[in-house]
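Please look through the model shown below with attention to how its helices pack, where its backbone is unusual, and where empty space is found. The briefing that follows takes these topics in turn.

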Amino acid sequence: MKKVTVSSLLKKKQAGEKITSLTAYDASFAKMFDEQGIDAMLIGDSLGMVLQGQDDTLPVTVDDIAYHTRSVRSGTSRAFVLADMPFMSYATPEQTYTNAAILMAAGASMVKLEGGSWLCETISGLNQRGVPVCGHLGLTPQSVHVFGGFKVQGREASQAEHLLAEAQALEEAGIQLLVLECVPSSLGKAISEALTIPVIGIGAGKDTDGQILVMHDMFGISANYMPKFSKNYLKETGDMREAVSQYISEVQDGTFPSAEHSFE
């Protein structure tokens, strides 16, 4: 299979083909996901919770992400590799450029930043310096204390309008992908239709351009709890490779996420 690029992900959206993605943190799982045909893998700051046992993602460092990015890249031959910019690693444009360079050198093909239009200058600067950017809106885990917990975002009409405007501003600034987390399905659909770039949902309904899950949730082995938007594919299949294969198939044919994994 051909190597996945930003251009091929965009072509999938344009063709109405769903994009499949998972988090990954080491070479062995990355190799398995890659061989099963996953489109993209994210080295998420979720590692703070699922690998380190933290209560949230805030303690994760750039060095943590870089270490796991090198590991994932070592096991990957075709899938697209994204790396999270952790909490307070992109507070200023200059700081962002330095830390993004570390993650790109570790093997990322794109970095992901959480936040809205306040990041537009930074995104433009990253693009000018050759760094592709993925945005992240909705429930942004690094802002968990601002939100007062892990809560669905965009249920009020004014909030939904604001998120749509923020998504459009990020696209105009130069993001090439957007992760949309924990929003009503109707908003996930509206934002996906409004943007020309691919929108990858996690708890954003079935009408986004693709889906991403934390691998530990997909295998049902997370240390804390199983989110409503996830599904235990390992329980259904009894085999890790079959679990990944079934996840990919269900995303591609629109079976996942179903209403029980979505928010209204």
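In this predicted model, helix 4 (residues 62–74) and helix 5 (residues 93–106) have axes that come within 8 Å and cross at roughly 20°. That angle makes helix 4 roughly parallel to helix 5, and the crossing of these two helices is right-handed. The points below add the residues of this contact, then treat further helix pairs, the backbone and the enclosed or open spaces.

**Helix 4 with helix 5**

- On the side of helix 4, the contact is made by Val62, Ile65, Ala66, Thr69, Arg70 and Arg73, which meet Asn99, Ile102, Leu103 and Ala106 in helix 5.
- Sorted by class, the residues of the contact between helix 4 and helix 5 are six nonpolar, two polar and two charged.

**Helix 8 with its two partners**

- Helix 8 (residues 157–173) packs with helix 9 (residues 185–194) at an angle of about 30°, and their axes are 10 Å apart; the two helices are therefore roughly parallel to each other, with a right-handed crossing.
- Ala160, Leu163, Leu164, Ala167, Gln168 and Glu171 are the residues of helix 8 that meet helix 9, where their counterparts are Leu187, Ala190, Ile191 and Ala194; by class, this contact has eight nonpolar residues, one polar and one charged.
- Helix 8 also packs with helix 6 (residues 120–128), here at an angle of about 30° and with the axes 8 Å apart, which makes helix 6 roughly parallel to helix 8.
- The crossing of helix 6 and helix 8 is right-handed, and in it Cys120, Ile123, Ser124 and Asn127 of helix 6 meet Ala169, Leu170 and Ala173 of helix 8; the contact consists of five nonpolar and two polar residues, with no charged residues.

**Backbone features**

- Most residues other than glycine have a negative phi, and most peptide bonds are trans.
- Methionine 88, which is not a glycine, has a positive phi of about 60°, and its place is in the loop between strand 3 (80–84) and helix 5.
- Cysteine 182, again not a glycine, has a positive phi of about 50° and is found in the loop between strand 6 and helix 9.
- Phenylalanine 256 and proline 257 are joined by a cis peptide bond, with omega at about 0°, and proline 257 lies in the segment after helix 12 (240–252).

**Cavities**

- How many cavities of 30 Å³ or more does a search of the whole structure find? The search finds two, of which the largest has a volume of about 100 Å³.
- The lining of the largest cavity is formed by Leu9, Ile19, Ser21, Ala40, Met41, Leu42, Leu82, Cys134, Leu177, Val179, Ile200 and Ile212, and the elements that give two or more residues to this lining are strand 1 (19–23), strand 2 (40–43) and strand 6 (177–181).
- Strand 2 gives the most to the lining of the largest cavity, with three residues, and by class this lining has eleven nonpolar residues, one polar residue and no charged residues.
- The second largest cavity holds about 30 Å³ of space, and its lining is made up of Ile202, Gly203, Ala204, Gly205, Gln211, Ile212, Leu213, Phe229, Phe256, Pro257 and His261.
- Both residues of the cis peptide bond, phenylalanine 256 and proline 257, are thus found among the residues that line the second largest cavity.
- Strand 8 (residues 210–213) gives the most to the lining of the second largest cavity, with three residues, and the lining as a whole has seven nonpolar, four polar and no charged residues.

**The largest pocket**

- About 570 Å³ of space lies in the largest pocket, which is lined by 32 residues, with Ser46, Glu181, Val214, Asp217 and Phe229 the closest to its centre.
- Helix 3 (47–50), strand 4 (110–114) and strand 6 each supply at least two residues of the lining of the largest pocket.
- By class, the lining of the largest pocket has 17 nonpolar, seven polar and eight charged residues.
- Phe229 appears both among the residues closest to the centre of the largest pocket and in the lining of the second largest cavity.

How values were computed: Residues numbered from 1 in each chain as written. Predicted model: local features only at pLDDT ≥ 70, side-chain atom pairs only at ≥ 80, totals over all residues. Heavy atoms only, no water. 1 Å grid on protein atoms, 1.4 Å probe; cavity = no way out; pocket = protein on both sides within 12 Å on 5 of 7 lines; lining within 4 Å. Points joined across faces, edges and corners; volume = space filled by probe spheres on them. Helix = DSSP H or I, 4+ residues; strand = E, 2+ residues; numbered from the N terminus. Nonpolar A, V, L, I, M, F, W, Y, C, P; charged D, E, K, R; others polar. Axes fitted to C-alpha atoms, helices over the stretch in contact; angles between N-to-C directions. Parallel < 35°, antiparallel > 145°, perpendicular 65-115°, else oblique. Left-handed = near helix turned anticlockwise from the far one by under 90°. Contact = heavy atoms within 4.5 Å.
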